[in-house]
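Me: I am in my first year and would like a close look at a single part of this structure. Could you take me through one residue, and then through the strands that lie around and beyond that residue?

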Amino acid sequence: MLAMIFSLIVEQSSQLTAKKYRDSRSYMPIKASPFGFQKQFDWGADIHSLDYDGSLLIRVLRNRNKNSGIEVAFSQVDGFRLLDEIVLAHYWAAEDFPSGYPVLEVFDGGWAKEEHERLGYARQQREWIIVTAATCVSVFSTHEPEIRDAAWPAKA
């Protein structure tokens with residue numbers, strides 16, 4: 001019961017934040033499409049772990065109550081950021097945002113466009129977003145990610 005109440009509070013908070021951003025003049029819609037892994041994940045999806053050593057490996061749980069999901073591996077990255085999903089709520093408030101897919105390629109809008117406009121990059125960055133209900137990872141990489149099914153040992 002408590003989990004259901006918390007879920008409703010989070011959902012209402014996300015809707016209010018999304019409305020605030022939609023109503024804002026600075027709102028920049030995002031154009032993205034599912035990449036590689038075409039199965040939709042449920043509301044309980046979350047980032048399991050993130051490892052960076054020049055390459056980037058992101059493990060995404062299908063559901064917080066399970067120990068399986070996908071690994072999204074970038075052989076090279078130009079930058080990445082990990083954000084609470086509420087910070088990005090204004091993006092997926094758009095009617096045409098591809099909800100439920102864990103890996104998206106961004107074609108317009110997003111972090112890359114914001115940085116391009118703010119810093120005046122000579123070339124537009126290629127951007128990917130790994131989206132879950134709790135956490136999101138935005139990645140700049142010129143290389144497409146490799147996506148594979150995976151399972152991990154349960155955390156103690």
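**A close look at R59**

Reply: In this predicted model, the side chain of R59 makes a polar contact with the side chain of E71, at 3.2 Å. R59 has its place in strand β3, and strand β3, which covers residues 56–61, pairs with strand β4, residues 68–74, in the antiparallel sense over 6 bridges. Within this pairing you can also find L57, which stands opposite A73 in β4.

Is R59 buried or exposed? Because its relative accessibility is 15%, and buried means under 20%, R59 counts as buried. If residues up to four places away in sequence are set aside, R59 touches D46, I47, H48, S49, D51, I70, E71 and W152. E71 therefore appears twice in this account, as one of the residues that R59 touches and as the partner in the polar contact, while R59 itself is buried at 15% relative accessibility.

Now step back to the sheet that holds this strand. Strand β3 belongs to an open sheet of 4 strands, whose order is β2-β3-β4-β9 and whose pairing is antiparallel. The strands at its edges are β2, residues 46–52, and β9, residues 146–151, and each of these pairs on one side only. On average, and with direction ignored, neighbouring strands of this sheet are turned by 20° against each other.

Another strand to look at is β8, which runs over residues 135–140 and is mostly covered, since 6 of its 6 residues are buried. From β8, T135, V137 and V139 point one way, whereas C136, S138 and F140 point the other way, and all of them are buried.

Which strands pair with β8? One of them is strand β5, residues 79–84, which pairs with β8 in the antiparallel sense over 6 bridges, and here R81 has S138 in β8 as its bridge partner. Another is strand β7, residues 127–131, which is joined to β8 by 5 bridges and also runs antiparallel to it; in this case W128 has V139 in β8 as its bridge partner. The link along the chain from β7 to β8 is a hairpin through 3 residues. When you follow these pairings in the picture, recall that S138, the partner of R81, and V139, the partner of W128, point opposite ways from β8, although both are buried.

Technical notes:
Residues are numbered from 1 along each chain as its sequence is written. This is a predicted model: local features need pLDDT of at least 70, side-chain atom pairs count only at pLDDT 80 or more; totals for chains, interfaces and linings use all residues. Side-chain values use heavy atoms; hydrogens and water are left out. Two strands pair if DSSP finds at least two bridges between them. Helices (H or I, at least four residues) and strands (E, at least two) are DSSP runs, numbered from the N terminus. Axes are lines fitted to C-alpha atoms, for helices over the stretch in contact, and angles run from 0 to 180 degrees between N-to-C directions. Buried means under 20% relative accessible area, exposed over 50%, partly exposed in between (1.4 Å probe, protein chains only). A polar contact is a pair of N or O atoms within 3.5 Å; within protein, one must be able to donate a hydrogen and the other to accept it, and residues adjacent in sequence count only if both atoms are side-chain atoms. Contact means heavy atoms within 4.5 Å.
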